[in-house]
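Q: Please take a close look at the aromatic pairs in this model, and describe how the rings are arranged and where they sit.

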Amino acid sequence: MAPSPNAITIEGLTEAIALIDSATKISDFRERKAAIQQILVADVDERFNSAPRVRAGGVVYGGVNWPALTDPYLKANPRREGGQVLRDTGELQQSFTGDGQIYNVGKNEIEFGTALPKARGLQRKRPMIFIHDELLEEVEATLLIALDE
């Protein structure tokens, strides 16, 4: 599966899926497509819901730091004052969880992200999607359920 152009996708997802695959002996992820999508969407929602205030910055769900917005940026964009990092209009979060979402599942690979062009630059400074222990545990548990069915 070729990555979508302009896509922001979860770093390390292919490697994580390979680990889960070897541990669970799941040979085809497509049968759990909807369940895995729900997990990924909930993960992104939780991250945005834990966004720090613009002047404080801080650690978001999953354990990465979103730095505070700079004073020059806030002076140039006074409407952001008092808000949360990356949550001014809701467009960015919605691009991962609704319109603009990229979600493709192959036999043993998953692509999840957004096609929103500005997301690529924002991802570098404030990672919005990434592999972390809780996410891996949830995906693995979902795949294990498939073994029991």
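A: In this predicted model, Y103 counts as buried, since its relative accessibility is 9% and the cut-off for that class is under 20%. Its partner is F112, with which Y103 forms an edge-to-face aromatic pair, the centres being 6.3 Å apart and the planes at 75°. F112 is likewise buried, with a relative accessible area of 0%.

This pair belongs to a short list, for a search of the whole structure finds 3 aromatic pairs. Another of them joins F48 and W66, whose ring centres lie 5.6 Å apart with their planes at 70°, so this pair is edge-to-face. Because F48 lies in helix α2 (residues 33-49) and W66 in strand β3 (residues 65-66), the pair ties together parts that are 18 residues apart in sequence. F48 is buried, at a relative accessible area of 0%, and W66 is buried with a relative accessible area of 0%. Ring pairs also bring in F96, which is linked with F48 and W66 into a cluster.

As for the setting of these rings, the chain contains 6 helices and 5 strands, which follow one another along the sequence in the pattern β-α-α-β-β-α-α-β-β-α-α. Of the 149 residues in the chain, 40% are buried, and among the contacts with a separation of 6 or more, 69% are between residues 24 or more positions apart. The accessible surface of the chain comes to about 7,900 Å², with 50% of that area belonging to carbon and sulfur atoms.

Terms used: Residues numbered from 1 in each chain as written. Predicted model: local features only at pLDDT ≥ 70, side-chain atom pairs only at ≥ 80, totals over all residues. Heavy atoms only, no water. Helix = DSSP H or I, 4+ residues; strand = E, 2+ residues; numbered from the N terminus. Buried < 20%, exposed > 50% of the residue type's maximum accessible area, 1.4 Å probe, protein only. Contact = heavy atoms within 4.5 Å. Areas by Shrake-Rupley, 256 points an atom, 1.4 Å probe, with all protein chains shown as cover. Phe/Tyr/Trp six-rings, centres within 6.5 Å; stacked < 30°, edge-to-face > 60°.
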